Amino acid sequence: MLLRHTIDEVKERKALTINPAKTCQPVGAMYASLGLHGCLPHSHGSQGCCSYHRSALTRHYKEPVMSGTSSFTEGSSVFGGQSNLIQAFNNMFTVYDPDIIAVHTTCLSETIGDDVSQIAQKAIDDGKVPEGKYIVQASTPSYVGSHVTGFANMCTSIAKTFPEVSEDKLNFVNILPGWVEPSDMKELKRIMGIMHVPFVMFPDTSGVMDAPQTGKHNFFPKGGTKIPDLKRAGSAAYTFALGKFCSEDAGLALKKKCDVEFETFDIPLGLKATDRFLMKLSEVTGCPVPEELEDERGQLVDMITDMEQYLYGKKIAMYGDPDNLIPLTEFLVDIGMKPVHIVTGTPGKYFTEKMASLVPDANFKNGPQADMYLMHQWIKNEPVDLLIGNSYGKYIAKDENIPFVRMGFPIYDRVGHSYFPLVGYRGALRLVEKILSVIMDKIDAESTEEKFELVM
């Protein structure tokens with residue numbers, strides 16, 4: 001028993017979080033920054049914070065993550081980090097020549113009250129920022145919110161900084177993909193391509209966090225949204241903000257600055273969420289949904305129908321990011337499964353409202369005390385047939401002998417999430433395959449010899 005300290009008696013906690021179902025804001029801000037071409041993230045705080053943020057992303061994506069740090073010492077921790085940050089701008093633009101430096105704060109710099117906007121303006125005024133180069137910054141204290149909040153804050157800052165105001169709206173749309181894998185962003189681009197929809201997507205980590213091995217190190221990989229595309233986002237006819245928690249604030253900022261109409265959608269994960277996204281995309285652009293996508297939808301429905309007996313009525317516990325959990329819950333209910341325990345460390349009333357409408361009889365909670373310890377207690381009181389979440393759930397899965405599907409962030413002990421999408425109909429097909437595989441593996445492992453079947 002790896003988690004033998006977990007007891008089944010659930011008590012209300014107001015200040016204590018045990019094994020949180022989230023990580024800190026700067027990790028999300030750094031991931032969003034990496035979706036801009038030629039961008040060098042910068043952590044305004046201590047070296048240790050920066051090392052953690054980089055290592056969290058590197059262990060998940062199996063890719064090197066470059067980032068600067070203000071390297072706070074005892075002095076800067078007391079008197080402020082302005083001189084460190086201005087020196088960092090000068091060093092990074094001189095040595096590494098990025099097009100953009102994306103600064104996110106840490107608990108330490110937020111607590112001492114550093115005004116990063118003022119410091120960035122001083123660096124510009126002092127000539128420390130070369131012409132044609134940019135600084136974008138987001139406030140990301142880790143004692144509130146989560147990595148999802150940090151991602152959203154950096155996306156909002158990008159939307160406020162780059163898009164240019166234009167009276168004439170052109171025939172293309174903006175896609176704010178939310179925190180999804182590079183493979184998911186690539187799948188969204190494939191869908192846009194076969195529908196012949198012109199678009200700008202930001203951030204876009206495909207080609208950055210899934211870069212091929214060529215034998216040559218590129219400090220700035222070829223992927224990521226480029227500055228000219230970020231600027232023309234202000235001329236788009238419409239913005240699709242995918243994920244209320246990750247993308248809605250950025251869509252709203254773009255609307256306020258450039259008057260680009262926008263609507264928030266669930267990340268197209270599963271059947272209905274993908275249907276809604278494609279139908280609206282077709283309505284806004286006038287581009288019909290092609291037969292290729294209709295066939296993919298039919299294949300998904302066919303697999304669900306064929307394997308319904310292994311899915312129906314299975315109880316599920318899951319945890320992760322709210323923008324993923326909401327469409328995932330809807331999809332699992334659609335295919336006959338029963339989500340019964342759901343937690344996310346990201347705060348926000350929208351999550352509980354959606355869960356109350358989708359699975360009113362389930363245990364669900366979000367925010368600081370919605371941790372994996374609580375979910376484990378719920379499982380002890382009402383066992384489940386399947387667990388879905390990031391790598392940290394493997395301890396619960398092992399202790400309780402539950403089939404486990406890894407999904408979300410972070411996944412440290414498996415590969416493939418960077419290359420195989422979960423969004424769209426093809427992504428849903430893969431998700432159903434992953435669920436069926438672990439359920440059938442358990443059936444095989446526990447079958448008696450006379451019931452051990454080749455064809456299941």
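**Close-up 1. The largest pocket holds about 520 Å³ of space.** A pocket here is an open set of points on a 1 Å grid over the protein atoms alone, with protein on both sides within 12 Å along at least five of seven lines. Its volume is the space filled by probe spheres set on the points, which are joined across faces, edges and corners. This is a predicted model, so local features need pLDDT of at least 70 and side-chain atom pairs count only at pLDDT 80 or more, while totals for chains, interfaces and linings use all residues. Residues are numbered from 1 along each chain as its sequence is written, and side-chain values use heavy atoms, with hydrogens and water left out.

Now for the walls: 26 residues line the largest pocket, and E63, V208, A211, N218 and P221 lie nearest its centre. Lining residues are those with an atom within 4 Å of a point. Why does the largest pocket lie between domain 1 (25-162) and domain 2 (173-289)? Both domains give residues to its lining; the domain bounds come from an automatic or database assignment. By class, the lining has 14 nonpolar, 9 polar and 3 charged residues. Here Ala, Val, Leu, Ile, Met, Phe, Trp, Tyr, Cys and Pro count as nonpolar, Asp, Glu, Lys and Arg as charged, and the others, Gly among them, as polar.

**Close-up 2. The second largest pocket has about 400 Å³ of space.** Look for R406, M407, I411, H417 and K434, the closest to its centre among the 26 residues that line this pocket. Domain 2 (173-289) and domain 3 (292-446) each put at least three residues into the lining. At least two residues apiece come from helix 8 (182-194), strand 13 (404-406) and helix 18 (424-446). Helices (H or I, at least four residues) and strands (E, at least two) are DSSP runs, numbered from the N terminus. The lining splits into 14 nonpolar, 5 polar and 7 charged residues.

**Close-up 3. The largest cavity encloses about 90 Å³ of space.** A cavity is a set of grid points where a 1.4 Å probe fits but cannot get out. The structure holds 1 cavity of 30 Å³ or more. Its lining includes Y319, D321, L328, N390 and F409. Helix 14 gives the most, with 3 residues. The lining counts 6 nonpolar, 5 polar and 1 charged residues.

**Close-up 4. P290 sits in the loop between helix 11 (271-285) and helix 12 (291-306).** Leaving aside residues up to four places away in sequence, P290 touches I194 and M195, where contact means heavy atoms within 4.5 Å.
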